[in-house]
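Biologist: Could you walk me through this one? I'd like to hear the reasoning behind each label.

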Number of protein chains: 2
Amino acid sequence: MAQTPQYRRIYELLRKHIVDGVYKEGDLLPSENELCRVHNITRPTVRQALDALVHGGFIKKQQGKGSIVSSLPQGIGILSVSGTTSAVGINNLKTKILTGPEVRAWAGAFMFPLSQVEKESGYVYIERLRILDEKPIFLDVNFLPNINLPRFTSRSFENRSLFDILRKFYNIQVTGGEQRLRAIKADENIGNHLQVKKGHPVLHLERKIATNRVDYYFYSSIYCNTDISAIYGAF
Amino acid sequence: MAQTPQYRRIYELLRKHIVDGVYKEGDLLPSENELCRVHNITRPTVRQALDALVHGGFIKKQQGKGSIVSSLPQGIGILSVSGTTSAVGINNLKTKILTGPEVRAWAGAFMFPLSQVEKESGYVYIERLRILDEKPIFLDVNFLPNINLPRFTSRSFENRSLFDILRKFYNIQVTGGEQRLRAIKADENIGNHLQVKKGHPVLHLERKIATNRVDYYFYSSIYCNTDISAIYGAF
DNA sequence: TGAAATAACTTGTAAATACAAGTTTAAATT
DNA sequence: AATTTAAACTTGTATTTACAAGTTATTTCA
C-alpha cells in the first residue's frame with residue numbers, strides 16, 4: 001500500500017541524519033530493537049534499512065556492539081549507486097551544461113552493446129561539466145535512450161541531479177549498474193574542459209546504469225580530474 | 001552450529017555455477033521457492049544468498065520474472081570485495097613477488113590514518129606484480145599490521161591469493177572496505193614494473209580493507225595499467 | 001480465431017518468533 | 001580489591017507465515 005517501502009523510509013532518514021551530522025563518526029546508531037520500537041516496525045525491516053547503509057558505506061556493523069557510523073569520505077563518491085554522490089559536497093558542486101539535452105541518432109561504435117530497440121530509438125544527449133569550488137572536476141557525457149521520455153529535452157538541468165529529474169518526472173530510479181575504469185591521457189577537448197594540459201592523466205569511467213524500468217538503461221562516460229580530489233568508494 | 005551459515009553455502013554454490021558456466025548469461029536461476037525445496041531452507045535464507053549475488057554483480061533480479069544471470073565482466077574486477085576478482089581470469093593471472101613478506105616499522109606519512117596499536121605493531125610488507133597473459137597488469141603494495149599473524153613472513157605467496165591465505169591460515173575474511181582512485185603519471189619505478197613509459201597514465205587505488213576481525217584492517221596501494229584491460233565493477 | 005480474463009507462477013515487502021554468538025555491564029565470589 | 005560469573009544487552013542466522021505486485025501461460029469468452 002505504502003508507495004515507498006518502510007525500510008526505504010528508515011534508510012533515507014538515518015542516512016540524512018548521518019550526512020547532517022546528527023550521528024557523527026564513531027557514534028553508535030540506535031540499536032535495531034530500539035529502531036523497531038521508535039518506528040513501530042519489525043527487526044527484519046530495520047535490518048533491511050541498515051544493510052543498505054552498510055552497502056552505501058555509511059555504517060559498519062559489529063556483532064554484539066552495534067551499528068557504527070563511518071567517516072564521511074574525503075573524495076567524491078561516484079562509484080556506488082547512491083553511496084556518497086548525493087552525500088558529500090553537493091552544496092558546492094555546481095553543474096554547467098555544455099551540450100544538450102538534444103535528441104540524436106546512434107552513429108558508429110558505442111562503449112556498450114545496444115539492443116535493437118535502443119538503436120532504433122536514438123538517445124538524448126547531455127554533456128555537463130561539474131565544478132567544485134570553481135574548479136572543474138569532471139566532465140560527464142550522458143546517453144539516454146529516447147524511450148518514453150516526453151518533453152525531456154526541454155527540461156532544465158542546471159544545478160540539478162540527472163538522477164533527481166529522472167526520478168521526479170519519469171519515476172525512473174537507478175538500481176545499479178556496471179562500470180569500467182581507465183587512466184587515460186586527456187585529449188585537447190577534455191584538457192580544455194578540465195583545465196589540464198593535453199596528455200595529463202585523467203580517470204575515465206564508462207558506465208551502464210540500470211533502472212527500475214525493466215530493460216531501460218542509460219549510459220555515461222565520465223572524465224575526472226583526480227588531481228585535487230580522488231574518487232572515493234566503499235565496497 | 002554450522003560453521004559457515006547456510007546462505008553463504010548457497011551463495012558460494014550458485015556463484016561457482018555461474019562462473020563455471022552452468023548458468024550462462026541471460027539464464028534464469030532456479031526460482032527462490034525451488035531453491036528452498038532443493039536445499040531444504042527457507043526463502044529469507046535463499047534471498048540472503050541471492051542478495052549477495054546481486055551485490056557482487058553476478059545476477060540481476062526482476063520482480064515477477066526471476067534472477068537473471070549477468071554477463072561476466074570483460075575487465076578485471078578488483079573494485080568489489082569478492083565481486084569478480086576471484087571470478088574471472090584467475091587461471092591466467094600469475095603473481096610475482098617483488099618484495100617480502102617482511103616485517104617493517106611505520107615511517108613517515110601513510111595513506112590512511114593509523115591507530116596507536118597499528119603504529120606500535122609495525123606491518124608485514126608485500127609487493128607483488130600481477131601478470132595476465134605475460135603482460136604485467138598491476139602492481140600491488142600491501143601493508144598488513146603485524147598483529148597476531150604468526151609465521152606470516154615464511155609463507156609462500158606465489159600464485160596464491162593474499163585473501164585466501166588470510167582466510168585459510170588466520171581465519172581472516174574480508175568484509176568490505178573503502179578506496180580512493182586516481183589517475184596518475186607512472187614514475188620510473190612503476191613504469192619499469194608495468195612496462196610503460198615514465199609519465200604514462202596509470203590508475204592508482206588506495207584501499208583500506210576491513211575484516212571479520214574487529215579493528216583489524218589492512219592496506220593496499222595498487223597501480224594498474226589499464227591500457228589492455230579496464231578495471232571493472234558492479235554497483 | 002482473437003482478445004480478454006484468469007490462474008499460476010515469479011520476486012518484493014513485512015510481521016512475529018526463536019535461538020546463536022559477540023560485547024558490555026553488573027553482580028557475585030574469592 | 002580483584003577476579004570471576006552471570007545477566008543484559010547487542011547483532012547474526014533462520015524459520016514460518018502472509019500478502020502485494022509484476023510476469024507468464026492458460027483458459028474462457030466473444
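**Contacts and rings, label by label**

Modeller: Sure, and keep in mind that this is a predicted model. Let's begin at the DNA: a backbone N or O atom of Gly64(B) is 3.1 Å from a base nitrogen of DNA strand D.

Biologist: What makes that Gly64(B) pair a polar contact?

Modeller: The cut-off for N or O atoms is 3.5 Å, so the Gly64(B) pair at 3.1 Å qualifies. Gly64(A) also gets in, with a backbone N or O atom 3.4 Å from a base oxygen of DNA strand D. For Arg47(A), a side-chain N or O atom lies 2.9 Å from a phosphate oxygen of that strand.

Biologist: Why is the pair of Phe110(A) and Tyr219(A) called edge-to-face?

Modeller: Their centres are 5.2 Å apart, and pairing needs 6.5 Å or less; the planes stand at 90°, and edge-to-face starts over 60, so the label fits. Phe110(A) sits in the loop between β3 and α4 of chain A and Tyr219(A) in strand β8, so the pair ties together parts 109 residues apart in sequence.

Biologist: Which of the words buried, partly exposed and exposed fits Tyr219(A), and which fits Phe110(A)?

Modeller: Tyr219(A) has 0% relative accessibility and the limit for buried is under 20%, so Tyr219(A) is buried. Phe110(A), at 22%, falls between 20% and 50%, so Phe110(A) is partly exposed.

Biologist: How do you know that Arg104(B) sits over the ring of Tyr125(B)?

Modeller: Its charged end is 3.8 Å from the ring centre, and the test allows 6 Å plus an angle limit of 35 degrees from the ring normal. Arg207(A) lies over the face of Phe235(B) too, at 4.5 Å from the ring centre.

Terms used. Residues are numbered from 1 along each chain as its sequence is written. Chains are lettered from A and ligands numbered from 1 in the order in which they are written. This is a predicted model: local features need pLDDT of at least 70, side-chain atom pairs count only at pLDDT 80 or more; totals for chains, interfaces and linings use all residues. Side-chain values use heavy atoms; hydrogens and water are left out. Rings of Phe, Tyr and Trp (its six-membered ring) pair if their centres lie within 6.5 Å; planes under 30 degrees apart count as stacked, over 60 as edge-to-face and the rest as tilted. Helices (H or I, at least four residues) and strands (E, at least two) are DSSP runs, numbered from the N terminus. Buried means under 20% relative accessible area, exposed over 50%, partly exposed in between (1.4 Å probe, protein chains only). A polar contact is a pair of N or O atoms within 3.5 Å; within protein, one must be able to donate a hydrogen and the other to accept it, and residues adjacent in sequence count only if both atoms are side-chain atoms.
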